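Student: I would like a close look at a single part of this model, the strand that sits in the parallel pairing, and then to follow its charged side chains outward to the other salt bridges and to the nonpolar core. Could you take me through it in one connected account?

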Amino acid sequence: MNPELVKKYRPYPPINLPNRTWPEKKIDKAPIWCSVDLRDGNQALIQPMSLKKKLEMFALLTQLGFKEIEVGFPSASQVEFDFTRLLIEENLIPEGVLIQVLTPARGELIKKTFASVKGAREAVVHLYNSTSTLQRRTVFKMSRQEIIGLAVHGAALLKEEEKKYPETVFRYEYSPESFTGTELTFALEICEAVMNVLQPTPENKVIINLPATVELSTPNIYADQIEWFCRNMANRDSAIISLHTHNDRGCAVAATELALMAGGERVEGTLFGNGERTGNVDILTLALNMFTQGVDPGLDISDINNLIDVYERICRLPVHPRHPYAGELVYTAFSGSHQDAINKGMHEYETTRSGEWAVPYLPIDPSDVGRTYESIIRINSQSGKGGIAYVLEKDYGFKLPKDMQPEFGKIIQAVTDREGRELLHSEILETFENEYLSLFQPYELETFNVVKRHISKGEKRSQADVESTLLVHGREMTVSASGNGPLDAFCSALKQEITGDFTLTSYHEHALNGGSSAKAAAYIAIEAPNGAVSWGTGVDTDIIIASIKAVLSSLNRLEKYAQNSKGAEMAAVAVK
């Protein structure tokens, strides 16, 4: 940036607040939530909602558990007015849900707003006027007393209009719009002037909404402003302090969290942070942040995929793939070290079942919001052995031994480098099967029989005699030998009659699935005389046969890579 440009800007002044208490506090309960998706969110859309879409959004919000919903700005347009009437006349407002309507402090608009809620059981009328230093000077050209006069006159009209609708219980909210751009002493003065007119009580509180209409400072300063206001206001017990933050600096969630610690009791926001300019505070992120700290948010976000589908269809806005908790990729790891840590953490969680969620890189259990574990780990060129092993185990039941994982990891790495893209889980399985389970050259099993097994009790050892028929380079051969078990006997037969010496260095096995037809998987590592080591895998309903297949898989792979190596050497010589 040009250093001269910086001179255009001034830092937001700090708040003189000795002995501030909010840094020592914590959020231990959910606030009162108020969705403003149908008003603040709607006015920020490129194409505002139709009546049908408004109804669908209202239904979604009530399903999520919102008890206070700002349904619109009835004096601003006929659609807004008609929607409010529709909710009331068709009895679409569930028991216990409180609708809220917004109005500027202007007489004719206040009257139209009251007309819009005629017949409602209960409603909040939300009065506002701008109080900021900048707007008083540049937009309204009005003094402090003139601005206070507007607010007081508007509050008096609320009380007058209320008398015309005795069937409705009215509650009131007042917002000094652009609170964060207003001198604190003046913001307090105008709010107290409005309260003097509305005459709230501890039993019938007024909502004092203190909006960061434009986010001008760091979150700690907003918290200081809220605590200062709560400390100094008269009749604090007759007011609910409401927060309404915007995201101009990208800190709306943090600012709201700190402001709740500073005395805020109610939060106005939108789903996924939709709102003017950079958006409102994202209620979903706020709520799930609380959830991860063991605080019940009081909203049902257990099916976040459906929530996303409805939101994107109504608002015609995409949810960012890295959106906290909701994004397509937030429960996905590409990094190898991350994948390995998630894999191990998931194993420990599923094994211990302690009830306390603790998995590296995943602050929330995806299943709690209706997501699945299937997409936690995705495989591309940045992926590591742990993530690849996780996919094979979680999706297909193959539990690769730890020492085998680097070998298969390199194979997948070569595929992703060649393809230049993320691999589907099915492609990982296909690569595994082609590499370990479908390689039948030069050795393929035809038959295998344990001819005799006998145990010498005195010597505490067993012995087995086996006979097997193989295809070796397409030619049928029968081999037989004895050993201290079927697998040892088979390896002895191979060494004596076909392959020459090799060493079985590692052996693992496990069941692949349950039921009477359960299959078993065996994993065997073999070392050739030249020091080359290769893993093999076999699958069968008989664990002994699975082990025999794993030996042949390993030997076939040793042969395959030996031939590839010779071919590479010959090519290098030819080039020279």
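Tutor: What follows starts from one strand and then moves to the salt bridges, the cores and a few local details.

The model is a predicted one, and the part to begin with is strand 8 (residues 266-269), from which Arg266 and Glu268 point one way while Val267 and Gly269 point the other way, with all of these residues buried. In a regular strand the side chains alternate between the two faces of the sheet. Strand 8 runs parallel to strand 1 (residues 32-35), to which 4 bridges join it, and within this pairing Ser35 has Gly269 as its bridge partner. Strand 7 (residues 239-245) also pairs with strand 8 in the parallel sense, over 2 bridges, and here Ser242 is the residue whose bridge partner in strand 8 is Arg266. Between strand 7 and strand 8 the chain passes through helix 10 (residues 252-261), and the resulting β-α-β crossover is right-handed.

The two charged residues of strand 8, Arg266 and Glu268, belong to a network of salt bridges that also links Glu68, Arg171 and Glu173. Side chains of opposite charge can pair when their charged atoms come close. The structure holds 27 salt bridges, and three individual pairs show how their surroundings vary.

The side chains of Arg557 and Glu435 form a salt bridge with an N to O distance of 3.0 Å. Because Arg557 lies in helix 18 (residues 543-575) and Glu435 in helix 16 (residues 425-437), this pair ties together parts that are 122 residues apart in sequence. Both partners are buried, Arg557 at 2% relative accessibility and Glu435 at 7%.

Glu161 and Lys164 meet in a salt bridge at 2.8 Å, N to O, and in this pair Glu161 is buried at 3% relative accessibility, whereas Lys164 is exposed at 52%. The salt bridge between Lys159 and Glu162 has its closest N and O atoms 3.7 Å apart, and both of these residues lie in helix 7 (residues 144-162), 3 residues apart, or about one turn of the helix. Lys159 is partly exposed, with a relative accessible area of 28%, and Glu162 is likewise partly exposed, at 25%.

Turning to the nonpolar interior, the largest nonpolar core has 107 residues, of which Met57, Phe58, Ile208, Ile226, Phe229 and Leu271 touch the most other members. Helix 8 (residues 184-198) supplies the largest share of this core, 10 residues. Apart from this core lies another, of 23 residues, among them Phe448, Val466, Phe502 and Leu558. Met57 itself, leaving aside residues up to four places away in sequence, touches Asp37, Leu38, Met49, Leu271, Tyr311, Ile314 and Cys315.

Cysteine pairing can be settled by distance, and the count comes to 0 disulfides. Cys34 is in no disulfide, the nearest cysteine sulfur being that of Cys315, 16 Å away, and Cys34 is buried with a relative accessible area of 0%.

A last detail concerns helix 17 (residues 486-499), whose buried residues are Pro486, Ala489, Phe490, Cys491, Ser492, Ala493 and Leu494. Just after helix 17, Gly500 takes a positive phi of about 85°.

Terms used
Residues are numbered from 1 along each chain as its sequence is written. This is a predicted model: local features need pLDDT of at least 70, side-chain atom pairs count only at pLDDT 80 or more; totals for chains, interfaces and linings use all residues. Side-chain values use heavy atoms; hydrogens and water are left out. A nonpolar core is a set of buried Ala, Val, Leu, Ile, Met, Phe, Trp, Tyr and Cys residues joined through side-chain atoms within 4.5 Å. Buried means under 20% relative accessible area, exposed over 50%, partly exposed in between (1.4 Å probe, protein chains only). Contact means heavy atoms within 4.5 Å. A salt bridge is a side-chain nitrogen of Lys or Arg within 4 Å of a carboxyl oxygen of Asp or Glu. A disulfide is a pair of cysteine sulfur atoms within 2.5 Å. Two strands pair if DSSP finds at least two bridges between them. A crossover is right-handed if, with the strands pointing away from the viewer, the path from the first strand over the helix to the second runs clockwise.
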